[in-house]
Amino acid sequence: SQPVEFKLVIAVNQSLEMSPGKTAAQCCHGTVSVVNQLMKSSDQNAAAFEQWQANGEKIVVVECQDAAAVYGLDEHARSEGLISAVVCDAGRTEVEAGSSTVVAVFGRSDQVDVVTGSLRVF
């Protein structure tokens with residue numbers, strides 16, 4: 001049988017019109033937040049994290065419409081039992097303080113697809 005595949009999907013809030021560099025930084029913040037959650041959680045999540053690392057750390061960046069979509073994805077991900085993190089910006093550069101820039105969702109690929117599978121690749 002095939003090993004279970006894990007992935008991280010990061011949905012970028014398109015309404016903020018962030019520069020490429022700002023978008024990259026926000027995606028990094030989302031990744032770090034998810035990794036921190038994984039490292040502090042159950043043995044099952046630690047095993048998932050190790051398997052994800054061993055298999056190339058699959059990351060997909062997708063687009064979402066706005067802050068409502070960011071929070072909707074986060075809520076849906078959590079309701080599916082996935083690890084999820086919304087990044088809210090400090091407001092020191094391009095966007096207003098508190099703006100939800102990205103949501104990062106981690107878990108089994110098939111479960112993550114239930115939440116993010118309809119979104120367009122960034």
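## Strand E4 and its partners

In strand E4, glycine 107 is the bridge partner of lysine 7. This pairing belongs to a predicted model, and it introduces the link between strand E1 and E4. E1 spans residues 6–13 and runs antiparallel to E4, with seven bridges joining the two strands.

A further strand, E3 (residues 83–88), is also antiparallel to E4 and is joined to E4 by six bridges. Here isoleucine 83 stands opposite phenylalanine 106 of E4. E4 itself covers residues 100–108, and eight of its nine residues are buried, so that the strand is mostly covered under the cut-off of 20% relative accessible area.

## Helix H2

Helix H2 consists of twelve residues, 43–54. From its first C-alpha to its last it reaches 16 Å, close to the 16 Å expected at 1.5 Å a residue. Its buried residues are Ala48, Phe49 and Trp52. These residues lie on the same side of H2, because they cover an arc of only 100 degrees around the axis. On the other side of the helix, Asp43, Glu50 and Ala54 are exposed.

The buried residues of H2 pack against four elements: strand E1, helix H1 (20–39), strand E2 (59–64) and strand E4. After H2 comes glycine 56, with a positive phi near 95 degrees.

## Helix H3

Helix H3 is formed by 13 residues, 67–79. It reaches 18 Å from its first C-alpha to its last, which is close to the 18 Å expected at 1.5 Å a residue. Val70, Leu73, Asp74 and Ala77 are the buried residues of H3. Seen down the helix axis, they fall within an arc of 100 degrees and therefore line one face of H3. Ala68, Glu75 and Ser79, on the other side of this helix, are exposed.

The packing partners of the buried H3 residues are strands E1, E2, E3 and E4, together with helix H4 (109–116). E4 is thus a contact of the buried residues of H2 and of the buried residues of H3.

## The largest pocket

The largest pocket holds about 220 Å³ of space. It is lined by 14 residues, and those closest to its centre are Phe6, Gln44, Asn45, Ala48 and Gln111. H2 and E4 are the elements that give two or more residues to this lining. The largest share, five residues, comes from H2. Ala48 of H2 is one of the buried residues of that helix and is also among the residues closest to the centre of the pocket.

Definitions and conventions: Residues numbered from 1 in each chain as written. Predicted model: local features only at pLDDT ≥ 70, side-chain atom pairs only at ≥ 80, totals over all residues. Heavy atoms only, no water. Buried < 20%, exposed > 50% of the residue type's maximum accessible area, 1.4 Å probe, protein only. Pairing = 2+ DSSP bridges. Expected span 1.5 Å × (residues − 1). Arc of directions from axis to C-beta. Contact = heavy atoms within 4.5 Å. 1 Å grid on protein atoms, 1.4 Å probe; cavity = no way out; pocket = protein on both sides within 12 Å on 5 of 7 lines; lining within 4 Å. Points joined across faces, edges and corners; volume = space filled by probe spheres on them.
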